[in-house]
Amino acid sequence: MVDTSGDDDAFCRANNVAPGSSEYIACRKDRDVQRANANARTDRRQRDLGEYMMNHPDHP
């Protein structure tokens, strides 16, 4: 996995939000949730593809 904390920091600071403020903390939490959801979708798609390949060995 790639460390994107610097990107999150830059993204949240781009909105003129001071680090440590409640808006900054909420922004970082939102970014964490978005990343977790994206990772879950990727994992689910990979698992679904693996299951499809196991259930349909005649399709390349």
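A residue counts as buried when its relative accessible area is under 20%, and as exposed when that area is over 50%. Values in between are classed as partly exposed. In this predicted model, D8 has a relative accessible area of 2% and is therefore buried. D8 is also one of the residues in a network of salt bridges, whose other members are R31, D32 and R35.

The structure holds four salt bridges in total. Side chains of opposite charge can pair when their charged atoms come close. One of the four bridges joins R31 to D8. The closest N and O atoms of this pair are 3.1 Å apart. R31 belongs to helix α2 and D8 to helix α1, so the contact ties together parts that lie 23 residues apart in sequence. R31 has 21% relative accessibility and so counts as partly exposed.

D8 forms a further salt bridge, with R35. Here the closest N and O atoms are 2.5 Å apart. This pair, too, links distant parts of the chain: D8 sits in helix α1 and R35 in helix α2, with their positions 27 residues apart in the count. The relative accessible area of R35 is 26%, so R35 is partly exposed.

R31 has a second kind of contact. Its charge lies over the face of F11, at 4.0 Å from the ring centre. Aromatic pairs are absent: a search of the whole structure finds zero.

Another salt bridge is formed within a single helix. The side chains of D9 and R13 meet at 3.1 Å, N to O. Both residues lie in helix α1. They are four residues apart, about one turn of the helix. D9 is partly exposed because its relative accessible area is 21%. R13, at 45% relative accessibility, is likewise partly exposed.

A covalent link was also identified. The structure holds one disulfide, formed by C12 and C27. Their sulfur atoms are 2.1 Å apart. The pair links distant parts of the chain, 15 residues apart. C12 lies in helix α1, which covers residues 5–13. C27 lies in helix α2, which covers residues 22–55. The torsion about the S-S bond is about -90°, so the disulfide is left-handed. Both cysteines fall in the buried class: C12 has 0% relative accessibility, and C27 has 14%.

The loop between α1 and α2 contains N16. This residue has a positive phi of about 55°, although it is not a glycine. N16 has a relative accessible area of 75% and is therefore exposed.

On the surface, L49, Y52 and M53 make a nonpolar patch. The area of the patch is about 310 Å². L49 is found in helix α2. At 42% relative accessibility, L49 lies between the two cut-offs and so counts as partly exposed.

Taken together, helices α1 and α2 are joined by the disulfide of C12 and C27 and by salt bridges from D8 to R31 and to R35.

Terms used:
Residues numbered from 1 in each chain as written. Predicted model: local features only at pLDDT ≥ 70, side-chain atom pairs only at ≥ 80, totals over all residues. Heavy atoms only, no water. Phe/Tyr/Trp six-rings, centres within 6.5 Å; stacked < 30°, edge-to-face > 60°. Lys NZ or Arg CZ within 6 Å of the ring centre and 35° of its normal. Disulfide = S-S within 2.5 Å. Helix = DSSP H or I, 4+ residues; strand = E, 2+ residues; numbered from the N terminus. Buried < 20%, exposed > 50% of the residue type's maximum accessible area, 1.4 Å probe, protein only. Patch = residues over 30% accessible without salt bridge, like charges linked within 9 Å, V, L, I, M, F, W, Y side chains within 5 Å. Areas by Shrake-Rupley, 256 points an atom, 1.4 Å probe, with all protein chains shown as cover.
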